[in-house]
Amino acid sequence: MGHGRSQDRPINIVTKRMKEINNEKEYLSQFADKKYNMEESKQKLEKEIKEQQINIEILEKLKQVEEKHNLEQEKIKIGENTLKEYKRKMEELTYPKKQLEERKDNKSLLQIIITVCLIALSILSVLVVKNDIISAITITLAIISLIYVSYSQYKKKVAFHSNKELENVEKEKSINQIEIMQETTKGLEKEQEELRKKNEEEYKENIEKIRNAYIGIVPIKVIDELLEKKNAKLEIEVAQNKIGENKLKIQSIGLDRSSIAPKLENLAALEEEYVKLEEEYEDLNFQNTAIELAKEELEKAYYEMKKKITPEFTKQLSNVMTKISNGKYTNVKLDEKEGLIVEVENGNYIPVGLLSIGTIDQLYLSLRLGAANQISNENLPIILDEAFAYYDSERLKNILEFLNEEFSNRQIIILTCTSREKDILEENNIEYNYIEL
């Protein structure tokens, strides 16, 4: 019973609650760490999104430069195709008559070969086959072919002489036209080369402008890596997808944070409560220290008193204990080994420490009241500060009646934070003065 009362002491209650709070704080602190990690992750994701957005800006500009460059390349390519077609036509103007003459010469040669073959065949038919019909046919074909070849050669000579002057005129005209086309071709080639060179220079210049615009904002290494990308459009899509993924992650972090917010609010409340308990503990600890010092002094006084104790004092102490305990404890003795011992109902004596807190308080009050008559012959005032905190109603009634009967010639000051004493005094018609602070 005494042990249970000990646990109910204010300082023990405060200590127990502080321990409970520490356990709760240890559990909830993981959520604080989680919140910190979540905040760190969120900031990292937001930073990545910002970087990706800047990367997209760079890639968008690179895309515009590439599109312009590619468009100019297409124009140059069209010009090159036009130039190739122009060269092809110029070659046709340069070599057509020669090719025509070669074809005519080849045709004449073929006709001569056929005629020779027919003549040889007719000779063979006369000498070897000796068939009049076959010989007649082969000779006839050989004669016809010979006539045709002779006519073709004659016609060619006539055409050659009649068109000689016209060919000279056309030839001179063709040479002039070819020379003009050659000059034009050289001009076009030069123009194409200049366009290619200009396009490449503009491309490099625009790339350099982009690079310079983001120096100091983005690391140079990152800028150069982005500007080396071959397909800006594809890279933009990749960056946009990355931003989308990071935004979803941030949204998920927000949901997680909202779920642990109540726990963190509870942690803050526990921190605040713990601070108040620390202050209360310090105050109670100070009071306990003062009580312990008082106990030490009382122990010293007690041992001094033991040396000078008289049978009359023991008798008076037992008398006081009998009255305030309503006859439950009648004899109190001082034992050399165990100190104060009390006789219980079965006749045995037990040490004071085995009694309840309320009974111990009764005993020590009896000791104080008994000592009051031994200390001085004067009627000194009796001051009781929360002396009845562990008294039940019956014990409180007994002690108040005892004080009224035995110490009516003394001033008794009772300091209390309850109305129990006031109620009992009024119920038993005991006169008192009441002061409320």
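Student: What makes I383, I413 and L415 a nonpolar surface patch?

Tutor: In this predicted model, I383, I413 and L415 make a patch of about 230 Å². Patch members need over 30% relative accessible area and nonpolar side chains joined within 5 Å. L415, in strand β5 (residues 412–415), has a relative accessible area of 39%, so L415 passes the cut-off of over 30%.

Student: Why is L415 called partly exposed?

Tutor: Exposed means over 50% and buried means under 20%. L415 has 39%, which lies in between, so the label is partly exposed.

Student: And how do you know whether N288 is buried or exposed?

Tutor: N288 sits in helix α6 (residues 232–308). Its relative accessible area is 16%, and the cut-off for buried is under 20%, so N288 counts as buried. Leaving out residues up to four places away in sequence, N288 touches R9 and I11.

Student: What makes the buried residues of α5 line one face of the helix?

Tutor: Helix α5 (residues 220–227) has I223, L226 and L227 as its buried residues. Looking down the axis of α5, these fall within an arc of 95°, so they line one face. There is a general reason to find such spacing helpful: an α-helix has 3.6 residues a turn, so residues three or four places apart point the same way.

Student: Let's turn to the interior. Which residues touch the most other members of the largest nonpolar core?

Tutor: Those are L369, F388 and I399, in a core of 32 residues. Two or more residues come from each of α7 (311–324), β2 (339–343), α8 (357–375), β4 (382–385), α9 (393–406) and α10 (420–427). Helix α8 gives the largest share, six residues.

Student: What does F388 touch?

Tutor: Not counting residues up to four places away in sequence, F388 touches L365, L396, I399, L400, L403, I414, R420 and E421. A contact needs heavy atoms within 4.5 Å, so each of these residues comes within that distance of F388.

Student: Which residues does the second core include?

Tutor: Among its 22 residues are M38, I58, V218 and I236, and this core is separate. Core members must be joined through side-chain atoms within 4.5 Å, so a set that is not joined in that way counts as another core.

Student: How much of the chain is buried, then?

Tutor: Buried residues make up 26% of the 437 residues. The accessible surface comes to about 31,000 Å², with 54% belonging to carbon and sulfur atoms.

Conventions:
Residues numbered from 1 in each chain as written. Predicted model: local features only at pLDDT ≥ 70, side-chain atom pairs only at ≥ 80, totals over all residues. Heavy atoms only, no water. Buried < 20%, exposed > 50% of the residue type's maximum accessible area, 1.4 Å probe, protein only. Helix = DSSP H or I, 4+ residues; strand = E, 2+ residues; numbered from the N terminus. Areas by Shrake-Rupley, 256 points an atom, 1.4 Å probe, with all protein chains shown as cover. Arc of directions from axis to C-beta. Patch = residues over 30% accessible without salt bridge, like charges linked within 9 Å, V, L, I, M, F, W, Y side chains within 5 Å. Salt bridge = Lys/Arg side-chain N within 4 Å of Asp/Glu carboxyl O.
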